[in-house]
Protein chains: 2
Amino acid sequence: MPAVNKDRLQEKIHCFAQFGAEEHGGITRLSLSPAALAARTELTKRCHALGLFVETDDIGNIYATKTGTETLPRIAMGSHIDSVINGGNYDGTLGVLTALEVVETLVRENISTRHPVTVMVWTNEEGARFAPAMMASGVLTGKFSKDAMLAVQDEDGVSFGQALLAGDCLGKTDNRLNPQDYLAYLELHVEQGPVLANENLTIGVVRGVVGMCNYTVTAHGQANHAGTTPMQERKDALYAASQCVCTLYERLGRIDPDLVFTFGHIACRPNIHTIIPDEVRFSLDARHQEPAILQEVVKIVRALPAQTANCAISVEEAWSRKSTLFDPKLVALVKKNADALGFPNRHLYSGAGHDAQYVQDILPSAMIFVPSEGGLSHCAKENTSIDDCICGADVLLHTLLDLDAEDTSIRDRYLSVGE
Amino acid sequence: MPAVNKDRLQEKIHCFAQFGAEEHGGITRLSLSPAALAARTELTKRCHALGLFVETDDIGNIYATKTGTETLPRIAMGSHIDSVINGGNYDGTLGVLTALEVVETLVRENISTRHPVTVMVWTNEEGARFAPAMMASGVLTGKFSKDAMLAVQDEDGVSFGQALLAGDCLGKTDNRLNPQDYLAYLELHVEQGPVLANENLTIGVVRGVVGMCNYTVTAHGQANHAGTTPMQERKDALYAASQCVCTLYERLGRIDPDLVFTFGHIACRPNIHTIIPDEVRFSLDARHQEPAILQEVVKIVRALPAQTANCAISVEEAWSRKSTLFDPKLVALVKKNADALGFPNRHLYSGAGHDAQYVQDILPSAMIFVPSEGGLSHCAKENTSIDDCICGADVLLHTLLDLDAEDTSIRDRYLSVGE
């Protein structure tokens, strides 16, 4: 039975950990940065060496394709190689490198496939340099306007379009992933959460990506001198905001055990220790697979009192995302192969967003999760054991081979919906 | 009975409001900035025109002196002309301009004094460009090392020492305010709080400056993905910090009605809406005239639980300042003159810090407060009616004349303590 090679995958992981390596571990490899461009070049070089032909589309996505034996649509596998600031070596990168290792296995073991097989790299998945996240898959699937995305600027005023041009990453619109030329999309990714690690499992069979809603809550106070303003005359926006955080935490915590919610960002104005804050705003990010639960969240946020601690409270929706369910047939194939290979596994939902969730709108897609040690991600400590990486890559390989043996009926449903 | 002139004082206020004027009112006149240097030059020009001799010390403080009829120590009056960013036209400036108007009244009315009378301008009271606040009076009274202060840099890397040199503000160490050559120090200032305005009073007789303590409270959590980390595994530092703010607010609020406390600054790391914060720190500033009350504050802060919401909580003292009581004899003179002039007045404590509180350590000092409309300060809306300004200036004038009539016994106590 074909299997990927541990030493080869280990070498790939070590090699790509150099691009953007940070002194104390992990990487900073912002989209289209010199480090990211170097990683793209290395990947292209390796693909050429394996005899793949490499194309780029107009958003800088890379497609490295091994030809098939029949005139059939391609099967794509991949992920991203950009990172957040002080990110880890596995988020995204492992999905690209396992896809590469799967194709390398096909090449070295002389396994031919009926369908062409394409290793994909998505540009700017993280959105850490150019917001929003999942920008390129969002453009390809009609979520974002291409012109608006090309105009998005990083902190230094460089636009995404300028960065694509400067990095020599601009290819043809015709090369885009599309439902006519592709059969399906598979993405392996680290879980970025503790579920698999806690339950001692090796493979997560991802049913879908949970929906989320994002709100901004603002407390409107009155700036005043910390020493001269009597307490009863104060409109202290930070105190009001703290009360809102505590209230929301308690109320949201009662809705459902699977609901996760985070107050990750806070901005205080003027943020000087001797001045009573006049405006404090914080973010609320809530995620759950069931829309009804998210509706409960919205109700609770909207029910915050209009006045707290003498401050007016306003609530604004920043954005929301519906739940995505991956293609049930593909999900079943992943499950079948994890079981067949004897890897302890379970179904789960992704709390994080991934390019695959956008692709699912135009192509049958599925994701394979491997464990994140300690549930840690987006940090230097992010780690997945090489054995777990190998298990994931083998599930990817066999899911690909199963798909290759299928007829194209899996895709036809999408084509009919799309037209 | 001598009295200051309303039109002259109004003209002075209008003139100085130009230096660093902001489009929508108020000023930005950071210490030793071009705007502040222009204001210093204008002041010097006006002092020369009144026949005063102008000296500068080695920290850039300005001393403009009208000679007396006897060989006696000087009486100093003044304040500062630097502002915070988007500050008002009265904070500091009014103390300098009323002192100038008092001396102009002496000159124009041919009122001679036994003691020389000095109009003072303190350099960098606000500390908005070069921290800390009250830097120059702090150096003169031994609170800060001169070398350390000269090395303090602004945001652009310009040191205080370089700015003094570049502004041509460096004078002689011998010119410093000192207890041998000076009898007393008087400072008129806007209240920067609502007490006088709320009670419809014209004059605040300042007993002293309240003591304060400043603490930094830090919640130590664990950064993690907002979508993939189950609630029960989270160490959410922002939630923990919010709980600490609410707990402290409630407990500190019970200590004493005169205690004021502020959580003005908060820093959240990494402060990204999709990441659980791993460290959140906030400032606590608490002020009260009685040390025992501040001790209660410290006890409550120190009694925060070591763990909140799975996060370790640490507490660090940033700094503290003891209460300052102004010279009782001088305070009584201010009160006597406010009463004699028929101005509604009350005793109060300053919640804000002022150069006078440092000077009090080496010279008998006192402060006169005039009302701040709406209690607003450090903003464009900062305002004091010209009538209130005149009342304050007249109290300053008559307190000066009373002091001039005194013997030097008021100073002797300080000399003996100092030596």
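Biologist: What share of the contacts in chain A between residues at least 6 apart in sequence joins residues at least 24 apart?

Modeller: The share is 79%. This is a predicted model. Contact here means C-beta atoms within 7 Å.

Biologist: What makes chain A as compact as a globular protein of its length?

Modeller: Set two values side by side. The radius of gyration of chain A is 23 Å. The globule rule gives 22 Å for 419 residues. Those are close, so chain A is as compact as a globular protein of that length. The C-alpha trace spans about 80 × 45 × 45 Å along its principal axes. Chain A holds 13 helices and 17 strands.

Biologist: How many of the 419 residues count as buried, as a percentage, and what makes a residue buried?

Modeller: The figure is 56% for chain A. A buried residue has 20 or more other C-beta atoms within 10 Å of its own.

Biologist: Why are H3(A) and H12(A) called oblique to each other?

Modeller: Helix H3 (residues 93–108) of chain A packs against helix H12 (residues 386–405) of chain A at about 60 degrees. Roughly parallel needs an angle under 35 degrees, and roughly perpendicular starts at 65. The angle fits neither, so the pair is oblique. Their axes lie 9 Å apart, and the crossing is right-handed.

Biologist: Which residues make the contact?

Modeller: H3(A) brings Leu94(A), Thr98(A), Ala99(A), Glu101(A), Val102(A) and Thr105(A). H12(A) brings Cys389(A), Gly392(A), Ala393(A), Leu396(A), Leu397(A) and Leu400(A).

Biologist: How many residues of each class are in the contact of H3(A) with H12(A)?

Modeller: Eight are nonpolar, three polar and one charged. Gly counts as polar in this scheme.

Notes. Residues are numbered from 1 along each chain as its sequence is written. Chains are lettered from A and ligands numbered from 1 in the order in which they are written. This is a predicted model: local features need pLDDT of at least 70, side-chain atom pairs count only at pLDDT 80 or more; totals for chains, interfaces and linings use all residues. Axes are lines fitted to C-alpha atoms, for helices over the stretch in contact, and angles run from 0 to 180 degrees between N-to-C directions. Helices (H or I, at least four residues) and strands (E, at least two) are DSSP runs, numbered from the N terminus. Angles under 35 degrees count as roughly parallel, over 145 as roughly antiparallel, 65 to 115 as roughly perpendicular and the rest as oblique. A crossing is left-handed if the near helix is turned anticlockwise from the far one by less than a right angle, and right-handed if clockwise. Two residues are in contact if their C-beta atoms, placed from the backbone, lie within 7 Å. The radius of gyration is taken over C-alpha atoms; the globule rule is 2.2 Å times the number of residues to the power 0.38. A residue is buried if 20 or more other C-beta atoms lie within 10 Å of its own, exposed if 12 or fewer, and partly exposed in between; C-beta atoms are placed from the backbone.
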